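This report looks at the metal sites and the main pocket of one model, and is best read with the structure in view.

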Amino acid sequence: MSEPPEPGTIKLIDLHAHTTASDGSLTPAELVSLAQRLGLAGLGISDHDTFAGYQEAVPFARNAGLDLVRGIELNSRLTLPGNRGHRHVHLLGYWPSASPSPEFDQWLNGEREDRRNRNRRLAEVLQARGVDITLQEVEARGRSLAGRTHFARILVEKGYAQNSEDAFRRYIGENAPSYVERQSQTTQEAIHKIRSGAGIPVVAHPIRLAIPRDVEREVLVGLKNAGLLGLEIYHSEHPPELQAYYRQLAEELDLLPTGGSDFHGAPKPDTKLGVGINGNLRVPYEFLERMRHLVK
Ligand code: AMP
Ligand code: MN
Ligand code: MN
Ligand code: MN
């Protein structure tokens, strides 16, 4: 594969962004308008567990002449080989041309129900720790879908935490005492769901797997055998040398390369749409063409 393109010479896209339909701070219309101002040629909306933001964005993107891609970000649980425990793997699903099957939409309803049950339990566990917080309060923050980002905002506003990072560290993050695990399907099952729903499954921000490279390769080969089609090689949290490494790995394993900033707006103020953190991101339009080619 070729080296990353020179600035200004090619059309750029961003395939990983969140709206107010999940835990982003921009409405779908605002996100489309920002993408247009930045001169992006394509935008993937990949909210957690919902297509509502994508659907709302469709007419705005059409008016703006922006190539909009339907995406989603799903949680899953991966058991590592050789007694190394497990990881929470985020999977992106993309529908660059086709629409998801009705069965997939049905299944998503169940995912949102699981999320809601987790939120209810999390509020209870926090209350048991003496925190003044209710499920109703949290749900009032999320327009159609509430999550830990909304819990964090309330914890900060009420003075329980200094900032969002602090809230995750001390209250709601994976290593916090009041962490509540979500009921997640295995990564293999989620890949299968996306494939049978006519989508393209992609492992998001592989840096967060946080496992040695040989184990990571073994895991990705296993997931490819389970139906995985792509790897998010470019991401705001990937330093340049890691982007190069993942680009090579995706090519070797014959996985489609994808990339995106993981833009959330205010909740992650350093992560900018289209350009990542301190301009570390540059995703060529060609990735989207390859994605479309794959499902043709
Ligand atoms: P949920 O899907 O409700 O479990 O919430 C997960 C979301 O919380 C992620 O998508 C991030 O946007 C956010 N998040 C996770 N960990 C952190 C952290 N340490 N600091 C700030 N935000 C985080
Ligand atoms: Mn998020
Ligand atoms: Mn993620
Ligand atoms: Mn994301």
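Donors are the N, O and S atoms within 2.8 Å of a metal such as those described here, and water is not among the atoms, so sites may look incomplete. The model is a predicted one, and in it the manganese ion (ligand 4) and the manganese ion (ligand 2) are 4.8 Å apart. The table sets out the protein donors of each ion.

| Ion | Donors | Distances | Spacing in sequence |
|---|---|---|---|
| manganese ion (ligand 2) | Asp-23 (OD), His-48 (NE2), His-264 (NE2) | 2.1 to 2.2 Å | D-x24-H-x215-H |
| manganese ion (ligand 4) | His-16 (NE2), His-18 (NE2), Glu-73 (OE), Asp-262 (OD) | 2.1 to 2.2 Å | H-x1-H-x54-E-x188-D |

At ligand 2, His-48 belongs to the loop between β2 (42-45) and α2 (52-64), while His-264 belongs to the loop between β7 (256-260) and β8 (283-284), so this pair ties together parts that are 216 residues apart in sequence; both histidines are buried. At ligand 4, distant parts of the chain are likewise linked, by His-16 in strand β1 (residues 12-17) and Glu-73 in strand β3, which are 57 residues apart, and His-16 and Glu-73 are both buried.

Turning to the open space in the protein, the largest pocket has a volume of about 1,300 Å³. Its lining comprises 47 residues, and those nearest the centre of the pocket are His-90, Arg-148, Phe-168, Arg-208 and Lys-268. Elements that each supply at least two lining residues include β3 (67-79), β4 (86-95) and α3 (102-128), together with α5 (148-157) and α6 (164-172). Sorted by class, the lining of this pocket holds 14 nonpolar, 18 polar and 15 charged residues.

Note on methods
Residues are numbered from 1 along each chain as its sequence is written. Chains are lettered from A and ligands numbered from 1 in the order in which they are written. This is a predicted model: local features need pLDDT of at least 70, side-chain atom pairs count only at pLDDT 80 or more; totals for chains, interfaces and linings use all residues. Side-chain values use heavy atoms; hydrogens and water are left out. On a 1 Å grid over the protein atoms alone, a cavity is a set of points where a 1.4 Å probe fits but cannot get out, and a pocket is an open set with protein on both sides within 12 Å along at least five of seven lines; lining residues have an atom within 4 Å of a point. Grid points are joined across faces, edges and corners, and a volume is the space filled by probe spheres set on the points. Helices (H or I, at least four residues) and strands (E, at least two) are DSSP runs, numbered from the N terminus. Ala, Val, Leu, Ile, Met, Phe, Trp, Tyr, Cys and Pro count as nonpolar, Asp, Glu, Lys and Arg as charged, and the others, Gly among them, as polar. Donors are N, O and S atoms within 2.8 Å of the metal (3.2 Å for Na, K and Ca); water is not among the atoms, so sites may look incomplete. Buried means under 20% relative accessible area, exposed over 50%, partly exposed in between (1.4 Å probe, protein chains only).
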